Amino acid sequence: MSEQTGATAPKGIWVFIEQTDGRIADVSLELVGRARELADPLGHEVVGLLCGHGAEGLAQDVIARGADRVLVADHPELAAYRTLPYARVAIAQARARRPEIFLVGATPNGRDLAPRVASALRCGLTADCTDLQIGDHHIRRDDRTVRNLLFQIRPAFGGNLIATIVNPDTRPQMATVREGVMRMPAADPGRTGIVERVTPAFEPGDFALEVLSRQTRHSTVKLKDATVVVAGGAGISDPATFDALRELANVLGGEVGASRAAVDAGFIERDHQVGQTGTTVRPRLYIAAGISGAVQHRAGMDQSSKIIAINTDPHAPMFQIAHYRIVGDAAKVVPMMIKALRERSADQASVWATDDGEGEGDDVVQGASR
Ligand code: FAD
């Protein structure tokens, strides 16, 4: 398909605004913020697609975060997420209005909706992007350059390389992004935009599935917004040391994180996993104890302001991104840290967590375990 121009050209960066019981998923607002950044240089509108029943009041928050327009599909059948009715609305609106880009949060519902929409629209879909950029792409085969494509960036082949995926031929360019990967934009309550009601045109088959009841389990782990995360990996070989990590997190007023290896070993529940298939965190302080620093783990924490790595292996990849490197046995180093912190005043201890990230250190503490 060749590039289109003028009135027929696809236009706008869309974000699916996921809401449950009148609360918008953080990832949707994070995507609105990123869409705004991508849209401005291109002169595109940012459009939120909000489905629900009695949820129109949420549209103003979407505008406050950067949207120019919110399409609101309000219907009793859209009160709770169901694949077919939601997909019906998204597909019909995208067919009629032809967005250039369509972003969806990689939540369980978003992962369900996005492929169905992409399949119906016969366009591509890149799941779990860790970055989105706009750029030009030269297609060698046809010797043509397509301008202003969405670069859909994500780890590939088990995280051994970072792939940039483009979709030059079909529209919209669709991508899903996990919660926490993009920054949450600040709300500007004075921002104005258009709230436009759209009427769903359902078909009888859309209601094949009836929701009889819903049970929601809220995680008590608040990793995403923690200012301090103390994480343990496979190098923490006994439960007592993991308990010490919990204590260290407690002393610093932080949360406990983990690598997948630690979760798989049964040291801690899956809710605590940081990384590509876990939570993405950006704390002021991240302590990685006994974590090698595989790319899948780093994808979830490398935006931390300060990183302290504790590892017996001086060549561990985690040390490449750490600001402070402690070469030593975590089973000995972590209790020493707790003791040192306890001996200081609470104010001094919190300096670690409130540092603004300037003047990054490059310290190596050799043989801290001795
Ligand atoms: P290891 O790689 O085994 O490293 C243990 C480290 O501990 C080593 O560096 C070792 O030197 C050190 N060590 C040993 N003893 C001590 C000691 N006494 N004191 C201090 N240090 C010590 N992983 C994630 O974490 N999160 C994800 O979201 C994730 N998603 C994935 C998705 C895919 C598709 C794939 C293929 C993999 C994913 N992984 C993920 C797994 C990832 O590739 C690594 O296997 C995992 O991160 C390794 O965890 P680890 O660093 O704890 O263990």
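These exercises work through a predicted model, each with a stepwise solution.

**Exercise 1. The two domains**

Into which domains is the protein divided, and how many residues does each give to the contact?

Solution.
- Step 1. Find the bounds. Domain 1 covers 10–207, and domain 2 covers 228–366.
- Step 2. Find the separation. The centres of domain 1 and domain 2, taken over C-alpha atoms, lie 34 Å apart.
- Step 3. Look at the contact. Domain 1 puts in six residues and domain 2 puts in eight residues.
- Step 4. Sort the domain 1 side by type. Two residues are nonpolar, three are polar and one is charged.

**Exercise 2. Strand E4 and its partners**

Are the residues of strand E4 (residues 46–52) buried or exposed? Which strands are joined to E4 by bridges?

Solution.
- Step 1. Check the burial. In E4, seven of its seven residues are buried.
- Step 2. Recall the general pattern. Side chains in a regular strand alternate between the two faces of the sheet.
- Step 3. Split the residues by direction. Val46, Gly48, Leu50 and Gly52 point one way, while Val47, Leu49 and Cys51 point the other way.
- Step 4. Take one partner. Strand E1 (residues 13–17) runs parallel to E4, with five bridges between them. Here Phe16 is opposite Leu49.
- Step 5. Take another partner. Strand E5 (residues 69–74) runs parallel to E4 through six bridges. Here Leu50 is opposite Val72.

**Exercise 3. The nonpolar cores**

Which residues touch the most other members of the largest nonpolar core? What does Leu103 contact beyond its sequence neighbours?

Solution.
- Step 1. Size the core. The largest nonpolar core has 53 residues.
- Step 2. Name the best-connected members. Leu49, Leu50, Val62, Ala90 and Leu103 touch the most other members.
- Step 3. Find the main contributor. Helix H1 (residues 26–42) gives the most to this core, namely six residues.
- Step 4. Follow Leu103. Set aside its neighbours within four places in sequence, and Leu103 contacts Trp14, Val15, Leu31, Ala35, Ala175 and Val177.
- Step 5. Look beyond this core. Another core lies apart from it and holds 42 residues, including Ile236, Ala289, Met318 and Ala322.

**Exercise 4. A charged residue inside a strand**

Is Glu255 buried or exposed, and why? Which residues does Glu255 contact beyond its sequence neighbours?

Solution.
- Step 1. Place the residue. Glu255 belongs to strand E14.
- Step 2. Count the neighbours. Glu255 is buried because it has 24 C-beta neighbours inside 10 Å, and the cut-off for buried is 20 or more.
- Step 3. Check the rest of the strand. In E14 (residues 255–258), Glu255 and Gly257 are buried on one side, and Val256 and Ala258 are buried on the other.
- Step 4. Find a partner strand. Strand E13 (residues 228–232) pairs with E14 in the parallel sense over four bridges. One pair of bridge partners is Ala231 and Gly257.
- Step 5. List the contacts. Leaving aside neighbours within four places in sequence, Glu255 contacts Val221, Lys222, Leu223, Ala226, Val229 and Ala249.
- Step 6. Compare sequence and space. Glu255 and Thr227 are 28 residues apart in sequence, and their C-alpha atoms are 8.3 Å apart.

**Exercise 5. Unusual backbone angles**

Where do Asp21 and Asp143 lie? Which residues does a cis peptide bond join?

Solution.
- Step 1. Recall the general rule. Most residues other than glycine have a negative phi, and most peptide bonds are trans.
- Step 2. Take Asp21. Its phi is positive, about 50 degrees, although Asp21 is not a glycine. Asp21 sits in the loop between strand E2 (19–20) and strand E3 (23–24). With 10 other C-beta atoms within 10 Å, Asp21 is exposed.
- Step 3. Take Asp143. Its phi is also positive, about 50 degrees. Asp143 sits in the loop between strand E8 (131–139) and strand E9 (144–156). Asp143 counts as exposed because it has 7 C-beta neighbours inside 10 Å.
- Step 4. Find the cis bond. Arg171 and Pro172 are joined by a cis peptide bond, with omega about 0 degrees. Pro172 lies in the loop between strand E10 (161–165) and strand E11 (173–177).

**Exercise 6. Around the ligand**

Which residues come nearest to the ligand? Which helix gives the most to the shell?

Solution.
- Step 1. Pick out the nearest residues. Of the 30 residues around the ligand, these are Gly233, Gly235, Ser259, Gly275 and Ser292.
- Step 2. Name the elements. Helix H6 (260–264), helix H7 (295–298), strand E16 (306–311) and helix H9 (330–343) each supply at least two shell residues.
- Step 3. Rank them. H6 gives the most, with three residues.
- Step 4. Sort the shell by type. Ten residues are nonpolar, 17 are polar and three are charged.

Terms used: Residues are numbered from 1 along each chain as its sequence is written. This is a predicted model: local features need pLDDT of at least 70, side-chain atom pairs count only at pLDDT 80 or more; totals for chains, interfaces and linings use all residues. A residue is near a molecule or strand if its C-beta atom, placed from the backbone, lies within 6 Å of it. Ala, Val, Leu, Ile, Met, Phe, Trp, Tyr, Cys and Pro count as nonpolar, Asp, Glu, Lys and Arg as charged, and the others, Gly among them, as polar. A residue is buried if 20 or more other C-beta atoms lie within 10 Å of its own, exposed if 12 or fewer, and partly exposed in between; C-beta atoms are placed from the backbone. Domain bounds come from an automatic or database domain assignment. Two residues are in contact if their C-beta atoms, placed from the backbone, lie within 7 Å. A nonpolar core is a set of buried Ala, Val, Leu, Ile, Met, Phe, Trp, Tyr and Cys residues joined through C-beta atoms within 7 Å. Two strands pair if DSSP finds at least two bridges between them.
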